[in-house]
Amino acid sequence: MTQIYNFSAGPAVLPKEVLQQASEEMLDWHGSGMSVMEMSHRGKEFISIAQEAEADLRELMGIPANYKVLFLQGGAHAQFSMIPMNLLRGKKTADYLDTGIWAQKAIEEAAKYCEVNVVASAAEQQYRQVPQQSQWKLNPDAAFVHYTSNETIGGLEMFWTPQVGHVPLVVDMSSHILSRPIDVSQYGLIYAGAQKNIGPAGLTIVIVRDDLIGQTIAGTPTMLDYKVHADNESMYNTPPTYGIYIAGLVFKWLKAQGGLAGIEKLNIKKSGLLYDYLDSTDFYSSPIALENRSRMNIPFTLKNSDLDADFLKQAQAQGLLQLKGHRLLGGMRASIYNAMPLEGVQALIAFMQDFERTNG
Ligand code: PLP
């Protein structure tokens with residue numbers, strides 16, 4: 001059988017070892033006689049799963065004790081509104097950086113609750129490069145500064161952390177969380193939909209400094225109040241139990257890869273191989289500025305776009321799936337999240353070289 005490699009931008013491409021373990025435990029988790037899906041979320045078995053998942057995430061990311069870890073639902077989209085509802089804390093404006101489609105969605109939603117000051121926009125660089133912080137127009141009265149550290153569609157990643165003084169820094173890390181070490185203490189709030197590097201769609205992770213919660217705007221629904229979830233250890237309502245369980249397995253898998261420093265080395269190697277190849281030929285090209293090339297989502301184009309359909313068809317026949325670029329940008333996109341093995345990237349490059357030889 002052809003070896004399959006899935007280059008999907010999401011939902012979830014999970015490590016094979018995790019899927020294997022989950023399938024072995026599907027009917028009977030650790031001799032409990034129950035599937036994790038059948039457990040009470042308030043029973044001792046599930047509570048041990050959730051606590052271990054949180055402890056492993058805290059260890060992996062080095063999350064300080066004064067930060068809450070929340071396991072929520074609603075995806076990163078729900079965070080686009082929860083963030084202003086919870087973090088405006090009496091202020092009227094918030095700062096947002098525009099790096100592309102996901103940043104713009106966050107901006108659109110925030111504008112329903114406050115005045116949004118767009119500190120800078122990558123539009124001037126056709127969304128191929130993130131503006132340096134020296135070009136940002138920060139507002140000292142802003143309640144927080146929001147940015148998207150990896151634009152999943154555009155393929156722009158930021159490898160530096162903005163310095164915003166005492167104003168809380170809020171970041172959407174949906175598509176590259178856990179791909180490398182970060183310093184959590186530099187942030188007020190970090191959020192991510194689980195469905196790229198963490199686990200199945202349906203789980204959203206929020207890491208928030210505890211002094212920032214408990215001051216929601218009037219009319220905030222109970223379910224959208226971080227404090228309610230923090231006070232109830234993410235069990236105010238039925239949490240996405242199976243998603244939390246799989247996330248816990250992924251965290252253990254990451255620890256076995258040498259933690260975030262270990263997986264970063266592999267991510268540098270994988271993305272480096274693909275970018276080096278893209279730069280070595282004019283048959284393909286990457287549109288993104290060198291310093292912002294995402295290690296997770298790599299858009300590229302063929303010089304002759306008439307060959308796009310053939311490229312995709314032949315790639316699929318060789319087990320290289322879901323390489324079609326986002327509908328808004330066209331071209332190709334190879335998403336190589338943590339779970340993509342080095343061999344998958346090598347197989348993609350070998351195919352691309354072959355395709356170039358026969359069509360170049
Ligand atoms: N932010 C980023 C960077 C994303 O990549 C996505 C989805 O792909 C979202 C937000 C939206 O996430 P969700 O579908 O979980 O609401």
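This report describes a predicted model, taking up its annotated sites, its ligand shell, its strand pairing and one of its helices.

## The annotated lysine

In an unreviewed entry, UniProt lists Lys-196 under "modified residue: N6-(pyridoxal phosphate)lysine". In the predicted model, Lys-196 is found in the loop that lies between strand E9 (189-193) and strand E10 (204-209). Although Lys-196 belongs to a loop, it counts as buried, because it has 29 C-beta neighbours inside 10 Å and the cut-off for a buried residue is 20 or more.

When neighbours within four places in sequence are left aside, the contacts of Lys-196 are Gly-10, Ala-12, Ser-174, Ser-175 and Tyr-337. Among these contacts of Lys-196, Gly-10, Ser-174 and Ser-175 also appear in the list of residues that surround the ligand.

## Annotated binding-site positions

The feature "binding site", again from an unreviewed UniProt entry, is placed at Trp-102, Thr-152, Asp-172, Gln-195, Asn-237 and Thr-238. These positions cover 137 residues of sequence and are also spread in space, with up to 30.3 Å between C-alpha atoms.

Two of the annotated positions, Asp-172 and Thr-238, illustrate contrasting surroundings. Asp-172 is found in strand E8 (residues 169-172) and is buried, since 27 other C-beta atoms lie within 10 Å. Its contacts, apart from neighbours within four places in sequence, are Ala-76, Trp-102, Ala-106, Thr-148, Ser-149 and Tyr-191. Thr-238, by comparison, is found in the loop between helix H5 (226-231) and helix H6 (241-256), and it is exposed because 10 other C-beta atoms lie within 10 Å, where the cut-off for an exposed residue is 12 or fewer.

## The shell around the ligand

The residues that surround the ligand are Gly-10, Gly-75, Ala-76, His-77, Trp-102, Thr-148, Thr-152, Asp-172, Ser-174, Ser-175 and Gly-193. Helix H3 (residues 75-87) supplies the largest share of this shell, with three residues. Sorted by class, the shell holds two nonpolar, eight polar and one charged residues.

Trp-102, Thr-152 and Asp-172 are listed in this shell and are also among the positions that UniProt gives for the "binding site" feature.

## Strands E5, E8, E9 and E10

Strand E5 (residues 145-148) runs parallel to E8 and is joined to it by four bridges; Tyr-147, for instance, has Val-171 in E8 as its bridge partner. E8 is in turn joined to E9 by three bridges, also in the parallel sense, and here Val-170 has Leu-189 in E9 as its bridge partner. E9 and E10 run antiparallel and are joined by five bridges, with Ile-205 in E10 serving as the bridge partner of Ala-192.

How many of the five residues of E9 are buried? Five of the five are, so E9 is largely enclosed by the rest of the structure. The burial applies to both faces of E9, with Leu-189, Tyr-191 and Gly-193 on one side and Ile-190 and Ala-192 on the other.

## An open sheet of three strands

Another group of strands forms an open sheet of three, in the order E11-E12-E14 and with antiparallel pairing. Its edge strands, each of which pairs on one side only, are strand E11 (284-285) and strand E14 (332-335). Two bridges pair E11 with strand E12 (residues 297-302) in the antiparallel sense, and the bridge partner of Tyr-284 in E12 is Leu-302.

Phe-7 lies in the loop between strand E1 (5-6) and helix H1 (16-25) and counts as buried, because it has 23 C-beta neighbours inside 10 Å. Not counting residues up to four places away in sequence, Phe-7 touches Leu-320, Leu-321, Gln-322, Leu-323, Ala-334, Ser-335 and Ile-336. The C-alpha atoms of Phe-7 and Met-340 are separated by 7.9 Å, although the two residues are 333 residues apart along the chain.

## Helix H6

The 16 residues of H6 should span 22 Å at 1.5 Å a residue, and this agrees with the 23 Å between its end C-alpha atoms. Its buried residues include Ile-244, Tyr-245, Val-250, Phe-251 and Leu-254, and the buried residues of H6 pack against H1, helix H2 (44-61), strand E2 (67-72) and helix H7 (259-279). H6 is followed by Gly-258, which has a positive phi near 90°.

Notes: Residues are numbered from 1 along each chain as its sequence is written. This is a predicted model: local features need pLDDT of at least 70, side-chain atom pairs count only at pLDDT 80 or more; totals for chains, interfaces and linings use all residues. UniProt positions are given in the numbering used here, feature names are shortened, and annotations may be inferred rather than shown by experiment. Two residues are in contact if their C-beta atoms, placed from the backbone, lie within 7 Å. Two strands pair if DSSP finds at least two bridges between them. A residue is near a molecule or strand if its C-beta atom, placed from the backbone, lies within 6 Å of it. Ala, Val, Leu, Ile, Met, Phe, Trp, Tyr, Cys and Pro count as nonpolar, Asp, Glu, Lys and Arg as charged, and the others, Gly among them, as polar. The expected span of a helix is 1.5 Å times one less than its number of residues.
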